[in-house]
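Student: I want the reasoning behind each label, not just the label. Can we go through it step by step?

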Amino acid sequence: MPQPLLSRVRAFLPPPPGPGTPGDAGLFGPGTAAWRVGRERVLLLAGPAALLLQVAHPLVAAGVTAHSDFTGDPLRRLRGTLDAVLTVTFGDREQAHDAARRVGRRHAPVRGALAEEAGPFGAGTAYTAHDPALAQWVWATLVWSALRTTDVLVRRVPDPERDAYVRDMHRFGRLFGVQAAVPADAAGLEAYVQAHVEGVLAVGAPARTLADQVLRPQPPLLPRPLRGAPGFLAAALLPDPVRTAARTGRLGGAAAGRAPRSARPARRGAHVAARPGRGRPGQRIGYQRAPNRRVTRLVSTSTSVSTRATTAR
C-alpha cells in the first residue's frame, strides 16, 4: 500500500487500548462471543452500515445534523464509535468505563426538537442523546451490523453464538445508558430492527446528506479505484428498504435481502482481505493482559478450530 494512503488509513483507524491492568480481562474476556465476533478486523467495515442505520432514525439524524461537525470532519462520529466499541470490548474495566464516560460527555449537549415532521414524528418532537429509546436503537445498529458483517464477509455465525453475542453486548449497552428492555437474543434483535424499518425509520434529506458525507468524505480516505468500496459494502449490509431509501428517500419492503449486484465485487474483495482469526490489535493486548495467558491461548485456538469446523459443516 502506498505510504500516503497507508498514513491516511492509519490516521482514521482508532488506536488499540493501552496495556491496562494485568489480570483484568475487562467486561468480557477470552472465550466470550464478544471477543470471538469482535476480533475480526473486518468489523471496521460494519461502521458505515451501523451509522447509516442510526441516522435513518429521524431523531438521531436531527441530533447528528445539529450537533456534529460533519462538514469539517465527516468521519469523526464513525471514528469515535469504532474507538468506543474497540475499547469497551477489549479494554480492562477502567478503560471501558472511561470510554463510556467520554461518550457521555460528548453527548451531554445533544438535545433539541425536530424542525419538521419526519416519519412517525411530528414537528417539534424533542430529542436528547440520553433518551433510552434512542440509545437502544444505536446499540441495536452496532450489534446487528457486527453480526451481519461477520455473516457476509467472514463466516455464518451459528445461532447459539449469535444469542451469546447479543447477551454479551447487553453489558456493553448498559455502559451507554441502554436501560430499556433490550432484545434477549438474536431473533429478538432481528424483530426489533424489522419493527423499526417498518414503523420508525424515515430516510429524509438530512440522513441522505449524512450518508453522502460518510461514504464519500472529503478529503477521500481511499484512492479513486477503491473510493466506492464503502458504499458498495454498506449496500451489501443494510436492510433492503434502508438501502433503497438512501437513494430514493422512500422506505418500504422487506427487512433484509441479498446484496445488489454492484456490491458483490467489493464483498468478495473484503472477504479475501478479512482472513478469519487475524485478530485486531485490541484483542492481542487483551489476551496479553488476561489472567492465565496459557489457558487463554488454548481457548483462543480451540475456539478458532471449532468455528472453522462449524462453518465447514
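Student: Among contacts in the protein with a separation of 6 or more, what percentage comes from residues 24 or more positions apart?
Tutor: The figure is 75%. A pair counts as a contact when heavy atoms lie within 4.5 Å. Keep in mind that this is a predicted model.

Student: How many helices and strands are there in the protein?
Tutor: The protein has 15 helices and two strands. Buried residues account for 47% of its 313 residues.

Student: Why is Arg36 called buried?
Tutor: Its relative accessible area is 18%. Buried means under 20%. Arg36 therefore counts as buried.

Student: Where is Arg36, and what makes its side chain's link to Glu161 a polar contact?
Tutor: Arg36 sits in helix H2, residues 33-38. Its side chain and that of Glu161 are 3.3 Å apart. The cut-off for a pair of N or O atoms is within 3.5 Å, with one able to donate a hydrogen and the other to accept it. The pair is listed as a polar contact.

Student: Which residues of H8 are buried, and what do they pack against?
Tutor: Glu161 is one of the buried residues of H8. Others include Tyr165, Met169 and Phe172. The buried residues of H8 pack against H2, H5 (76-90), H7 (132-153) and H9 (186-199).

Student: How do you know that the span of H8 is close to the expected one?
Tutor: Helix H8 covers residues 159-175, which is 17 residues. The expected span is 1.5 Å times one less than the number of residues. That gives 24 Å for H8, and the model has 25 Å from first C-alpha to last. After H8 comes Gly177, with a positive phi near 85°.

Student: Why is helix H3 described as largely enclosed by the rest of the structure?
Tutor: Ten of the ten residues of H3, residues 46-55, are buried, so the description follows. Among them are Gly47, Pro48, Leu52 and Gln54.

Student: What is the mean pLDDT of the protein, and where does pLDDT stay under 50?
Tutor: The mean is 78, and 72% of residues reach 70 or more. pLDDT is the predictor's confidence, from 0 to 100. Residues 252-278 stay under 50, and the model gives them 47 contacts beyond four places in sequence. Residues 293-313 are also below 50, with 15 contacts beyond near neighbours in sequence.

Student: What share of the accessible surface belongs to carbon and sulfur atoms?
Tutor: Carbon and sulfur atoms hold 56% of about 14,800 Å².

Methods
Residues are numbered from 1 along each chain as its sequence is written. This is a predicted model: local features need pLDDT of at least 70, side-chain atom pairs count only at pLDDT 80 or more; totals for chains, interfaces and linings use all residues. Side-chain values use heavy atoms; hydrogens and water are left out. Helices (H or I, at least four residues) and strands (E, at least two) are DSSP runs, numbered from the N terminus. Buried means under 20% relative accessible area, exposed over 50%, partly exposed in between (1.4 Å probe, protein chains only). Accessible areas come from the Shrake-Rupley method with a 1.4 Å probe; for residues, only the protein chains shown count as cover.
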